[in-house]
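This briefing covers a metal site, a set of salt bridges, a pocket and one loop residue. The points are grouped by topic.

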Amino acid sequence: MLVPTVEPPFPLSWGFSTRLDPPEALPARRLDQVHRCGIVEASEAVVEGDGQWTTRPDLRIGVRVADCVPILLAGPLADGTPWVAALHAGWRGATGHGDPEPGGGILRRGVARFHALGGHPADLAWALGPAILACHFEVGEEVIGAARKDPAWQESLRSEGPSGKAHLDLHGFLRAQALDLGLDAAKDGSVALCTVCRPDLLYSYRRGETAGRQWGWVEIR
Ligand SMILES: [Zn+2]
């Protein structure tokens, strides 16, 4: 288990699983992820969505990924109630591309939900988990085009790979969004390991593993 490198704002457990973690250490599967930006309050039911949040202690919530970015958020609401979220962000989730609802990508919507419940974005501890990083994330120009529509986009997030095709820095893009949303750079506990570079530790869909997944999960204590 890889643990975000930031002190949580209240007692919690959280982590990014690896292929070495036993299944019993992982959350129950309660999301049917569809590469969109739907965020739901977690319950025992299995529902469609790509993000979950909760204020309930002892409820382990999470998202499953194998190249997409797992995002964990933890912060106090206005009355001090602990609030946590787990979000799944591939390029579609990160940009909001193809989602019929307005509001941008899933990180923007997750932070907006926290804010709507009375939280201050600067109070959030946050972490992006292992994902396909810029070294391996070759994308079509339509992906770069979708990312360019985000107000936090910077051209330095696009690089040219060995084949001459574009590579996208998805971690860097989400980090730029986080700072644009008022999150505190000092509360960034991201674990920047590349799923393609680390077959010893991580599953990668792009590398050809279509079944294995790792989790980003969080549980209020
Ligand atoms: Zn890599």
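Cys135 is partly exposed in this predicted model, because its relative accessibility of 45% falls between the 20% and 50% limits for buried and exposed. Cys135 is one of the protein donors of the zinc ion and binds through SG. The salt bridges, the largest pocket and Ser156 follow after the zinc site.

**Zinc site**

- The protein donors of the zinc ion are Cys135 (SG), His136 (ND1), Cys194 (SG) and Cys197 (SG), at 2.1 to 2.3 Å from the ion.
- Along the sequence, these donor residues follow the spacing C-H-x57-C-x2-C.
- Cys135 belongs to the loop between β9 (125-128) and β10 (138-139), and Cys197 to the loop between α4 (170-180) and β13 (214-220), so this pair ties together parts that are 62 residues apart in sequence.
- The geometry is tetrahedral, with angles of 102 to 118 degrees among the four donor atoms.
- For four tetrahedral donors, the ideal angle at a metal is 109.5 degrees.
- The angles of 102 to 118 degrees count as tetrahedral because the criterion for four donors is that all angles lie between 85 and 135 degrees.
- Cys197, with 40% relative accessibility, also counts as partly exposed.

**Salt bridges**

- The whole structure contains 15 salt bridges.
- Glu219 and Arg60 form one of them through their side chains, with an N to O distance of 2.7 Å.
- Glu219 sits in strand β13 and Arg60 in the loop between β5 (51-54) and β6, so the pair ties together parts 159 residues apart in sequence.
- Glu219 has a relative accessible area of 7% and is therefore buried, the limit being under 20%.
- Arg148 pairs with Glu155, and their closest N and O atoms are 2.7 Å apart.
- Arg148 is partly exposed at 40% relative accessibility, and Glu155 is partly exposed at 43%.
- In the salt bridge between Lys187 and Asp184, the closest N and O atoms are 3.4 Å apart.
- That distance of 3.4 Å qualifies because the cut-off for a salt bridge is within 4 Å.
- Lys187 is partly exposed, with a relative accessibility of 27%, and Asp184 is partly exposed with a value of 27%.
- A network of salt bridges links Arg19, Arg207 and Glu209.

**Largest pocket**

- The volume of the largest pocket is about 470 Å³.
- Its lining consists of 21 residues, and those nearest the centre of the pocket are His35, Ala66, Cys68, His88 and Tyr205.
- By class, the lining of the largest pocket is made up of nine nonpolar, five polar and seven charged residues.
- At least two lining residues come from each of β2 (31-32), β6 (61-65) and α1 (91-95).
- Helix α1 contributes the most to the lining of the largest pocket, with three residues.

**Ser156**

- Ser156 is located in the loop between α3 (141-148) and β11 (158-160).
- Is Ser156 buried or exposed? Ser156 is exposed, because its relative accessible area of 62% is over the 50% limit.
- Ser156 and Phe173 are separated by 17 residues in sequence, and their C-alpha atoms are 9.6 Å apart in space.

Conventions: Residues are numbered from 1 along each chain as its sequence is written. This is a predicted model: local features need pLDDT of at least 70, side-chain atom pairs count only at pLDDT 80 or more; totals for chains, interfaces and linings use all residues. Side-chain values use heavy atoms; hydrogens and water are left out. On a 1 Å grid over the protein atoms alone, a cavity is a set of points where a 1.4 Å probe fits but cannot get out, and a pocket is an open set with protein on both sides within 12 Å along at least five of seven lines; lining residues have an atom within 4 Å of a point. Grid points are joined across faces, edges and corners, and a volume is the space filled by probe spheres set on the points. Helices (H or I, at least four residues) and strands (E, at least two) are DSSP runs, numbered from the N terminus. Ala, Val, Leu, Ile, Met, Phe, Trp, Tyr, Cys and Pro count as nonpolar, Asp, Glu, Lys and Arg as charged, and the others, Gly among them, as polar. Donors are N, O and S atoms within 2.8 Å of the metal (3.2 Å for Na, K and Ca); water is not among the atoms, so sites may look incomplete. Four donors count as tetrahedral if all angles lie between 85 and 135 degrees; four count as square planar and six as octahedral if opposite donors are over 155 degrees apart and all others between 65 and 115; anything else is irregular. Buried means under 20% relative accessible area, exposed over 50%, partly exposed in between (1.4 Å probe, protein chains only).
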